[in-house]
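Subject: Structure for you to look at

Hello,

Please find the structure below. My notes on it follow.

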Amino acid sequence: MSKPTRTTVHVLRHGEVHNPAKILYGRLPDFHLSELGVQMAKAATEALADRDITHVVASPLERAQETAEPFAAQFGLETATDTRLIESSNYFEGKKVSVGDGAFTNPRHWWVLRDPITPSWGEAYLVIAQRMFAAVQAARVAAEGHEAVCVSHQLPIWTLRRYVEKKRLWHDPRRRQCGLASLTSFVFEDAKIVGIEYAEPAAALIAMSPGARTAKGA
């Protein structure tokens with residue numbers, strides 16, 4: 001019996017975004033990495049510099065593409081784009097959602113919050129999980145026997161992880177383990193996931209940004 005092929009897919013959250021208006025930017029265009037965010041992307045690249053990366057793919061949103069750039073340069077690869085890695089859709093996109101002064105305080109928006117399980121304010125968790133799982137499997141095939149980097153966004157990455165771990169998909173956003181420029185790595189033997197690893201190579205940079213852990217739009 002042949003030995004299973006081992007492949008690792010690193011799912012990377014993008015770095016910090018320049019967002020002075022502090023809105024939930026979601027899928028809106030023209031939201032780019034801040035200077036600190038660029039450093040975070042480089043820190044993540046350095047963390048994997050000695051790994052066998054043969055495939056780099058990113059969400060089509062600018063912040064994800066920009067986070068992928070140092071990886072493509074480091075490994076001499078072209079960045080592929082997969083729309084399945086995109087941020088989730090959200091009713092509150094483009095609005096401020098800060099506690100105490102955001103859209104949540106306006107009664108006309110409360111009907112959107114009626115169902116936290118699906119959820120009612122955006123793309124269904126199960127849909128997010130399934131598209132992300134398909135994107136990661138595609139990356140595994142592209143890098144079979146080696147390693148791949150997929151650049152995505154906080155909610156899709158965390159939903160994917162809970163899906164793989166067979167946990168309920170609805171959750172408290174404050175408890176997500178998915179910091180800026182963090183790596184959630186899925187280890188495969190053939191097509192089966194046999195391990196999940198997590199690392200925050202940009203932790204020191206996150207500490208320099210007071211609002212980083214609550215960055216809107218993720």
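Which residues have the most contacts inside the largest nonpolar core? They are Val9, Val11, Met132, Cys150 and Leu160, in a core of 22 residues. Please bear in mind throughout that this is a predicted model.

The elements giving two or more residues to this core are strands S1 (6-13), S4 (147-152) and S5 (183-189), together with helices H3 (125-142) and H4 (154-164). H3 supplies the largest share, with 7 residues.

Valine 9 shows how some of these pieces meet. Setting aside neighbours within four places in sequence, valine 9 is in contact with Val136, Ala139, Arg140, Ala148, Cys150, Thr184, Ser185, Phe186 and Phe188. Apart from this core there is another, of 13 residues, and Ala44, Val56, Ala64 and Phe75 are among them.

On the cysteines: a search of the whole structure turned up 0 disulfides. For cysteine 150, the nearest cysteine sulfur is that of cysteine 178, 13 Å away, and cysteine 150 is in no disulfide. Since a disulfide needs the two sulfur atoms within 2.5 Å, that distance of 13 Å rules out a bond between this pair. Cysteine 178 is likewise in no disulfide, its nearest cysteine sulfur being that of cysteine 150. Cysteine 150 has a relative accessible area of 0%, so it counts as buried. Cysteine 178 is buried too, because its relative accessible area is 2%, against a limit of under 20%.

Arginine 161 is also worth a look. This residue lies in helix H4, and with a relative accessible area of 13% it is classed as buried. Neighbours within four places in sequence aside, arginine 161 is in contact with Gln177, Thr184, Phe186, Ile196 and Tyr198. Thr184 and Phe186 also appear in the contacts of valine 9.

Last, the pair of helices H1 (residues 35-47) and H2 (residues 62-75). Their axes come within 8 Å and cross at roughly 40°, and the crossing is right-handed. On the H1 side the contact is made by Ala41, Lys42, Ala44 and Thr45; on the H2 side, by Thr67, Pro70, Phe71 and Gln74. By class, the contact has 4 nonpolar, 3 polar and 1 charged residues. Ala44, one of the H1 residues in this contact, is also among the residues of the 13-residue core.

Regards

Terms used
Residues are numbered from 1 along each chain as its sequence is written. This is a predicted model: local features need pLDDT of at least 70, side-chain atom pairs count only at pLDDT 80 or more; totals for chains, interfaces and linings use all residues. Side-chain values use heavy atoms; hydrogens and water are left out. Axes are lines fitted to C-alpha atoms, for helices over the stretch in contact, and angles run from 0 to 180 degrees between N-to-C directions. Helices (H or I, at least four residues) and strands (E, at least two) are DSSP runs, numbered from the N terminus. A crossing is left-handed if the near helix is turned anticlockwise from the far one by less than a right angle, and right-handed if clockwise. Contact means heavy atoms within 4.5 Å. Ala, Val, Leu, Ile, Met, Phe, Trp, Tyr, Cys and Pro count as nonpolar, Asp, Glu, Lys and Arg as charged, and the others, Gly among them, as polar. Buried means under 20% relative accessible area, exposed over 50%, partly exposed in between (1.4 Å probe, protein chains only). A nonpolar core is a set of buried Ala, Val, Leu, Ile, Met, Phe, Trp, Tyr and Cys residues joined through side-chain atoms within 4.5 Å.
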